[in-house]
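Let's take a walk through this fold, from its overall layout to its core and its pockets. Keep the structure open as you read.

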Amino acid sequence: MCSLIQSFPRKNSRLLMAAIAAISVSALSGCGYFQNRHHITVGSIPDDYRTNHPIVLSEHEEALDIPVGTSDTRVSDAQRSSIQGFVAPYLSNGSGIVQVLLPAGAVNTAASKRVLPHILDALRSAGVPRGNLVSSSYAAEGIEGAAPVRISYRAMAAATEPCGKWPKDIGDTVDNKHYDNYGCASQNNIASMVANPADLLGPRQLGPVDAGKRTAAINSYQKSTGTWSADTNYTW
């Protein structure tokens, strides 16, 4: 390159240097253009498992069937315990109507009416407001044997789409993206384990602090005595 420049007159060599510089700048700017374009294209493709497998809140029915014999007059202690356990999530997350459905036209219809006051009493004892209790009936003609008394309420539930989608070979990773089923199992586990689905929408308000515990911790910190337990009687 130097010998080529030296072979030109001084004026022409200056023009040649300017041309080379312009070509170099154009080449560098072209590389930057393609690099930015590649970045924009990749960044626009969603590759977050929370976006690909979102958790959706929906309403569904929770139901509990109470078996009632033709000669029953009340609910047993085991049935009362089942009723209280059934409405525990309702008391934590819901405030709607709790329905008690009696079988109409069944062989145990009369017994169901005798047991109804005891079921309502168990629900009220569990904490369900009296105004939220509604009793009605459902058609039970044609059911062989005794038909159950059904307790139901509507509740919010968290769920995501079923897993197991494999539309292409997961070994094809030229685009360096997650495969389609990536993160689906984790999202399903979170949706099934969350105690209150409303927590997925946002954090709850902080509860009251333990003033005694806070004061003891601050005093220990100020005296530099430590906040750990002094009990060293461990059993191995």
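Helices here are DSSP runs of H or I with at least four residues, strands are DSSP runs of E with at least two, and both are numbered from the N terminus. On that basis the protein has eight helices and four strands. Going along the sequence, the order is α-α-α-β-α-α-β-α-β-β-α-α. Bear in mind that this is a predicted model, with local features needing pLDDT of at least 70 and side-chain atom pairs counting only at pLDDT 80 or more, while totals for chains, interfaces and linings use all residues. Residues are numbered from 1 along each chain as its sequence is written, and side-chain values use heavy atoms, with hydrogens and water left out.

Now for the overall numbers. Accessible areas come from the Shrake-Rupley method with a 1.4 Å probe, and for residues only the protein chains shown count as cover. The accessible surface of the protein is about 17,000 Å², and 57% of that belongs to carbon and sulfur atoms. A residue is called buried under 20% relative accessible area, exposed over 50%, and partly exposed in between (1.4 Å probe, protein chains only). By that yardstick, 21% of the 236 residues are buried. As for contacts (heavy atoms within 4.5 Å), take those in the protein with a separation of 6 or more: 78% of them are accounted for by residues 24 or more positions apart.

Next, the inside. In soluble globular proteins, nonpolar side chains tend to be buried together. A nonpolar core here means a set of buried Ala, Val, Leu, Ile, Met, Phe, Trp, Tyr and Cys residues joined through side-chain atoms within 4.5 Å. The largest one has 25 residues, and I83, V98, I119, L123 and I151 have the most contacts inside it. The elements giving two or more residues to this core are β1, α4 (77-86), β2 (98-104), α6 and β4. Helix α6 supplies the largest share, with eight residues.

So what does I119 touch, leaving aside its neighbours within four places in sequence? Its partners are V75, I83, V100, V149 and I151. One of these, V100, sits in strand β2 and counts as buried because its relative accessible area is 0%. Beyond four places in sequence, the contacts of V100 include L116, I119, L120 and L123, along with V134 and V149. The C-alpha atoms of V100 and L120 are 8.1 Å apart, although 20 residues separate the two along the chain.

Helix α6 (residues 109-126) also holds S112. With a relative accessible area of 0%, S112 is buried. Not counting residues up to four places away, S112 touches V68, L102, P103 and V149. D121 belongs to α6 as well, but at 33% relative accessibility D121 is partly exposed. From D121 to R80 is 9.4 Å, C-alpha to C-alpha, with their positions 41 residues apart in sequence.

Finally, the pockets. On a 1 Å grid over the protein atoms alone, a pocket is an open set of points where a 1.4 Å probe fits, with protein on both sides within 12 Å along at least five of seven lines; lining residues have an atom within 4 Å of a point. Grid points are joined across faces, edges and corners, and a volume is the space filled by probe spheres set on the points. The largest pocket has a volume of about 360 Å³. Its lining has 21 residues, with N93, A155, M156, A195 and P197 closest to the centre. Two or more lining residues come from each of β1 (56-66), α5 (88-93), β4 (149-159) and α7 (184-193), and β4 gives the most, with six.

The second largest pocket has a volume of about 240 Å³. Of its 16 lining residues, K168, K177, H178, Y179 and D180 lie nearest the centre.
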